[in-house]
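Let's take a walk through this structure together, one piece at a time. Keep the 3D view open so you can find each part as we get to it.

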Amino acid sequence: MALLQIKNLTVEFGSEKKPFRAVDQVCLEIEKGEVLGIVGESGSGKSVTAKALMGLIDWPGRVVAEKLEFDGQDLQEMSDKQRRKITGRDIAMIFQEPMTSLNPCFTTGFQIAEALKIHEGGSRSERRMRSLELLEQVGIPDPSARLKAFPHQLSGGMSQRIMIAMAIACNPRLLIADEPTTALDVTIQAQIIDLLLNLQKQRQMALILITHDLALVAEAAHRIVVMYAGQVVETGPVPEIFETPRHPYTAALLEALPERSIGATRLKTIPGVVPGQFDRPTGCLLNPRCEFATERCRRDIPLLQTDADGRQVRCHTPLDREGKPQP
Amino acid sequence: MFSFLLKRIGVVIPTFIGVTLLTFSLIRLIPGDPVELMAGERGVDPVRHAELLAQMGLDKPLLLQYWHYLTGIFQGDLGTSIVTREPVVREFFTLFPATLELSLCAIIIAVAIGLPAGIIAAVKRGKLTDYTVMGLSLTGYSMPIFWWGLLLILLFSVGLGWTPVSGRISAMFWIDEVTGFMVIDAFLSGEEGALVSALSHLILPSIVLATIPLAVIARMTRSSMLEVLREDYVQVARAKGLSMPLVVCIHALRNALIPVITVIGLQIGVLMAGAILTETIFSWPGVGKWMLDSIYRRDYPSVQGGILLIACLVIIVNLTVDILYGVVNPRIRHNR
């Protein structure tokens, strides 16, 4: 059985009459020890999905799901108190902005030990020992001095390492990393990703890697979920998706990779932006930006269909091996 | 830290001189002089008038008078009251404990109610609780103190008879002054009913004086809290599995308090201004009422001295607030 099963997760904001769907009937599954990449442009609902999973969506946001199960436990059925026992211990999350994710008024030591305190208890000295161990694991030099440091005394890379230490403090079985390297510079990015993947292998955690960096997903993830405007448009194992994308959006994203434009004078781009609350098209949400859009795409909403090989795609005319749309 | 203090004190000196200049000139701008007011409607012979003015040193040119006043201050002499012939400093400090007791009680009420009210309003943003708290605080903020005081007297003292109308303690008790705070002294005296009497005298004026600071603190806490609740570290704290009350009280409050502390410090000035009205309404024998009486009598030295001492108090409180900042906010502590 999958570690995490999400079926038809919907997150809505705004008024009840004219709600805005930030996440639209998303289905996800992740196995124990698997690395799942979620990719998509800004505004495609990646982060909101993660927050809904962590129970961080507040009123006036509304979260509805047909199924939201972690290790066989229904996250929607349980009380807030029970759910808090799972969040932070079994499911942990790393956020995008390390510099603003640590509380400026408390030492890093306090903030790491806090997670241990609520979930594992133990004495103060035990927690301190454990925090030191964690800092060593995430590659922070001179850990005992760093425990006393305040966040403003740390660099971005260092802060993200602290965030990782905080997230893995209680040995989570699922770690969600929401664009963990976006705010960091390139050399540090590679270090942080290496660290995350090493920890994932050592501890056999499941890892959801949310990013818009396709190259990163290609290297790190086993499976990939492509999101667009709050919907899942394509899922499948990494090598297959990269070789033969079936959704025009995935294909366009791959085309936009600089590596694929070597020798060309201009990089390929996808014209337009992700639709917001007021410019939602009818039919397929991608149709104004899709080069293969037909009359049917503008009229009917496509459904997410599972192919014979287990890959899923939401398109009326999925692409074949040559990248041509099949009617 | 030391250089920070020096810088602060450097700003204090010009403020101080400004206050002396302002009070000196403002009180003299009010028509009428002390002799005329003492004589009342009977009037006074012009020769005698000039004689008396000369006795008080009020016949000299203004600049010279100001110079005498200023040199006196630096020697620790704030002059002698024209009316009572008592040194101003002694008069002030005899009455000051009463004002301090009232102000402390008011600020405690304001913080104890304002802070939680602001927090609750922020957490319940956009709901009925929020609107209620904010509506009440706006009403409180807009309420003229003298009118609000009279309303409370009408209801609780005259209508319900729960509290006395004026003074610090019932005339039945004679309490030895130990701390100058009637509530504490009454408690120490051990006399039956004294503490209750002192408290019942204190409660209404404190509420009246606390109203505006309470409203300001509640509104400030709410907006500061709302800002902090949107921060990433609040989400992170929740993602750790902390319950909402814990997140608010540990992670958010500490950060939200930073601007609120400034506001509380600034309210001390408001309290002193409010004390003048409140003490007058409730016949509370403090410096506020004494200042107002001194203004009526054109008791120049008392008014000047009183305002200067109150200004000192406000300056010291704000200096303390600046130092307190560092305790709450580690970023400031390390930058100094």
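Start with chain B, where the C-alpha centres of domain 1 and domain 2 lie 32 Å apart. Keep in mind that what you're looking at is a predicted model. Along chain B, domain 1 covers residues 2-74 and domain 2 covers 95-335.

So how do these two domains of chain B meet? Domain 1 of chain B puts 14 residues into the contact, and domain 2 of chain B puts in 12. On the domain 1 side, look for helix 1 (2-29) and helix 2 (34-39) of chain B, which each supply at least two residues. Helix 1 of chain B has the largest share there, with eight residues. Sort that domain 1 side by residue type and you get eight nonpolar, four polar and two charged.

Now zoom out to where chain B touches chain A. This contact uses 18 residues of chain B and 22 of chain A. On chain B's side, helix 10 (232-239), helix 11 (244-281) and helix 14 (330-335) are the elements that give two or more residues. Helix 10 of chain B provides the largest share, seven residues. The mix on chain B's side is an even split: six nonpolar, six polar and six charged.

Next, hop over to chain A and find strand 9, residues 206-211. Is this strand mostly covered or mostly open? Mostly covered: six of its six residues are buried. A:Ala206, A:Ile208 and A:Ile210 point one way from the strand, while A:Leu207, A:Leu209 and A:Thr211 point the other way, and all of them are buried.

Strand 9 of chain A has strand partners, too. Strand 3 (residues 35-39) of chain A runs parallel to strand 9, joined to it by five bridges, and here A:Val39 has A:Thr211 as its bridge partner. Strand 8 (residues 174-178) of chain A also pairs with strand 9 in the parallel sense, over five bridges, and A:Ala177 is matched with A:Leu209. To get from strand 8 to strand 9, the chain passes through helix 8 (residues 186-203) of chain A, making a right-handed β-α-β crossover.

Finally, pick out A:Ile208. Its contacts include A:Ile30, A:Leu36, A:Ile38, A:Ala50, A:Ile176 and A:Ala177. The largest nonpolar core has 155 residues, and A:Ala165, A:Ile208 and A:Leu209 touch the most other members. Helix 9 (residues 194-229) of chain B gives the most to this core, with 19 residues.

Methods: Residues are numbered from 1 along each chain as its sequence is written. Chains are lettered from A and ligands numbered from 1 in the order in which they are written. This is a predicted model: local features need pLDDT of at least 70, side-chain atom pairs count only at pLDDT 80 or more; totals for chains, interfaces and linings use all residues. A residue is buried if 20 or more other C-beta atoms lie within 10 Å of its own, exposed if 12 or fewer, and partly exposed in between; C-beta atoms are placed from the backbone. Helices (H or I, at least four residues) and strands (E, at least two) are DSSP runs, numbered from the N terminus. Two strands pair if DSSP finds at least two bridges between them. A crossover is right-handed if, with the strands pointing away from the viewer, the path from the first strand over the helix to the second runs clockwise. A nonpolar core is a set of buried Ala, Val, Leu, Ile, Met, Phe, Trp, Tyr and Cys residues joined through C-beta atoms within 7 Å. Two residues are in contact if their C-beta atoms, placed from the backbone, lie within 7 Å. Ala, Val, Leu, Ile, Met, Phe, Trp, Tyr, Cys and Pro count as nonpolar, Asp, Glu, Lys and Arg as charged, and the others, Gly among them, as polar. Domain bounds come from an automatic or database domain assignment. Lists of a residue's contacts leave out its neighbours within four places in sequence.
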